[in-house]
Protein chains: 2
Amino acid sequence: MTEAPENIGIVYLVGAGPGDPGLITVRGADLLALADAVVYDYLSNPELLSRAPRAEAIYVGKKAASHSMTQQQINDLLIAQARLGRRVVRLKGGDPFVFGRGGEECEALEAAGVPFEVVPGITAAIAAPAYAGIPVTHREFNSSFTFITGHEKEEEYKESAGRARIWIGRCWRSCRAWRFTWGSSRCRAFAPS
Amino acid sequence: MTEAPENIGIVYLVGAGPGDPGLITVRGADLLALADAVVYDYLSNPELLSRAPRAEAIYVGKKAASHSMTQQQINDLLIAQARLGRRVVRLKGGDPFVFGRGGEECEALEAAGVPFEVVPGITAAIAAPAYAGIPVTHREFNSSFTFITGHEKEEEYKESAGRARIWIGRCWRSCRAWRFTWGSSRCRAFAPS
């Protein structure tokens, strides 16, 4: 049976923050408390699930190239859960729109006619250096900063190291402060050669 | 009377987020609830003060070049409040370390021997486009992004427009996505000429 449009639920793409469960937003925590389902991945702190006592927790296990579900399957899952009339929280590590593929999930939800809302999160790209005492900006030293991911699309992994090296070289000339964002699996590819 | 070191308080530099009071972190909200003093400025949403019922609210009123207190006076105020043994929340719009002079406040507190902690906040540079439906990254289009401020140090305002134009030209060649961060007062300086 196809759900009638008036029974459709909603998907909240919520940034979980950089790991410390206290760094989720108040809005994100409130939505977790009311959620019927939480779709979460490797990057989110599992402790956050305790904030969602009513919810079915669905792990979709993304970790670098070892995806337990493809992005298409995750998109389909979000749409299916919303069509059950549920309030779905898609909990994403950091910020949904900073190297998080939140944009693709929004596109899929929009195409399927599923209402959604994005709740920003603290990105580790800013918080991790902050916790180490490093401000990403300081008016004595820089008036801009650049984030660069070490992860390209999976199908481009095989050549991304070389491309990224060229790219960093370009940035070096124009940016006085930047922050690299990648997992440990990418560090070797970027080590000086 | 000089306060004994054991009576010294603590300063929390808390990111207030981009304006929506629900976008402060849970940790930030918890600290406001326990604060003895909240030192806040123009950028923070005043509604957040209702989360700090015990606190003395101290407005330091920074807005572009119209500062009601200098940065030095703000630093001195934070130190003096902590030396009264208080739990002080320095509430800063967005993130304390993204174009927020949080680094300078940390340096002053460190030099004065005042304990402090930084609690990151959602920066408007990411959240504002997110609320407009624009992800700052999308793996089909970009693997990096750059934040550029339109505000330099006050003493350099008179020449900053020209310098920033040159700078943006450099970025244009190497960055596929960037986000400009400035107040409306700076827009004219950057308008096409």
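## A walk through a predicted two-chain model

In chain A, 67% of the contacts between residues at least 6 apart in sequence join residues that are at least 24 apart. The model is a predicted one. Chain A has 193 residues, and 51% of them count as buried. About 9,000 Å² of chain A is exposed, with carbon and sulfur atoms supplying 54% of that area.

The secondary structure of chain A consists of 6 helices and 7 strands. Followed along the sequence, these elements give the pattern β-α-β-β-α-β-α-β-α-β-α-β-α.

The sheet can be followed in chain B. Five strands form an open sheet there, in the order β3-β2-β4-β1-β5, and their pairing is parallel. At the edges stand β3 (56-59) and β5 (116-119) of chain B, each of which pairs on one side only. On average, neighbouring strands of this sheet are turned by 20 degrees against each other, direction ignored. Within the sheet, β1(B) and β4(B) run parallel and are joined by 6 bridges. B:Gly15 stands opposite B:Lys92, a residue of β4(B). Helix α2 of chain B, residues 71-83, packs on the sheet and touches β1, β2, β3 and β4 of chain B. The direction of this helix makes about 155 degrees with that of β4(B).

Next comes the nonpolar interior. The largest nonpolar core has 40 residues, and those with the most contacts inside it are Val38, Val89 and Leu91 of chain A together with Val38, Val89 and Leu91 of chain B. Two or more residues each come from β1 (10-15), α1 (26-34), β2 (37-40) and β4 (87-92) of chain A, and likewise from β1 (10-15), α1 (26-34), β2 (37-40) and β4 (87-92) of chain B. A second core, separate from this one, has 19 residues, among them B:Leu78, B:Ile79, B:Cys106 and B:Ala108. To see the surroundings of one core residue, take A:Val38: leaving aside residues up to four places away in sequence, A:Val38 touches A:Leu32, A:Leu49, A:Ala52, A:Ala55, A:Glu56, A:Ala57, A:Ile58, A:Val89 and A:Leu91.

Charged side chains add another set of links. Side chains of opposite charge can pair when their charged atoms come close. Over all chains, the structure holds 14 salt bridges. In one of them, the side chains of A:Asp36 and A:Arg54 meet at 3.2 Å, N to O. A:Asp36 lies in the loop between α1 and β2 of chain A, while A:Arg54 lies in the loop between β2 and β3 (56-59) of chain A, 18 residues apart. A:Asp36 counts as buried because its relative accessibility is 19%, under the 20% limit. A:Arg54, with a relative accessible area of 52%, is exposed.

Another salt bridge joins A:Arg86 to A:Glu56, with 2.7 Å between the closest N and O atoms. A:Arg86 is in the loop between α2 (71-83) and β4 of chain A and A:Glu56 is in strand β3 of chain A, so this pair ties together parts 30 residues apart in sequence. A:Arg86 is partly exposed at 21% relative accessible area, and A:Glu56 is partly exposed at 38%.

In chain B, B:Arg101 forms a salt bridge with B:Glu104, the closest N and O atoms being 3.0 Å apart. Both B:Arg101 and B:Glu104 are buried. Back in chain A, salt bridges that share partners join A:Asp41, A:Arg90, A:Lys92 and A:Glu105 into one network.

Technical notes: Residues are numbered from 1 along each chain as its sequence is written. Chains are lettered from A and ligands numbered from 1 in the order in which they are written. This is a predicted model: local features need pLDDT of at least 70, side-chain atom pairs count only at pLDDT 80 or more; totals for chains, interfaces and linings use all residues. Side-chain values use heavy atoms; hydrogens and water are left out. A nonpolar core is a set of buried Ala, Val, Leu, Ile, Met, Phe, Trp, Tyr and Cys residues joined through side-chain atoms within 4.5 Å. Buried means under 20% relative accessible area, exposed over 50%, partly exposed in between (1.4 Å probe, protein chains only). Helices (H or I, at least four residues) and strands (E, at least two) are DSSP runs, numbered from the N terminus. Contact means heavy atoms within 4.5 Å. Accessible areas come from the Shrake-Rupley method with a 1.4 Å probe; for residues, only the protein chains shown count as cover. Two strands pair if DSSP finds at least two bridges between them. Axes are lines fitted to C-alpha atoms, for helices over the stretch in contact, and angles run from 0 to 180 degrees between N-to-C directions. A salt bridge is a side-chain nitrogen of Lys or Arg within 4 Å of a carboxyl oxygen of Asp or Glu.
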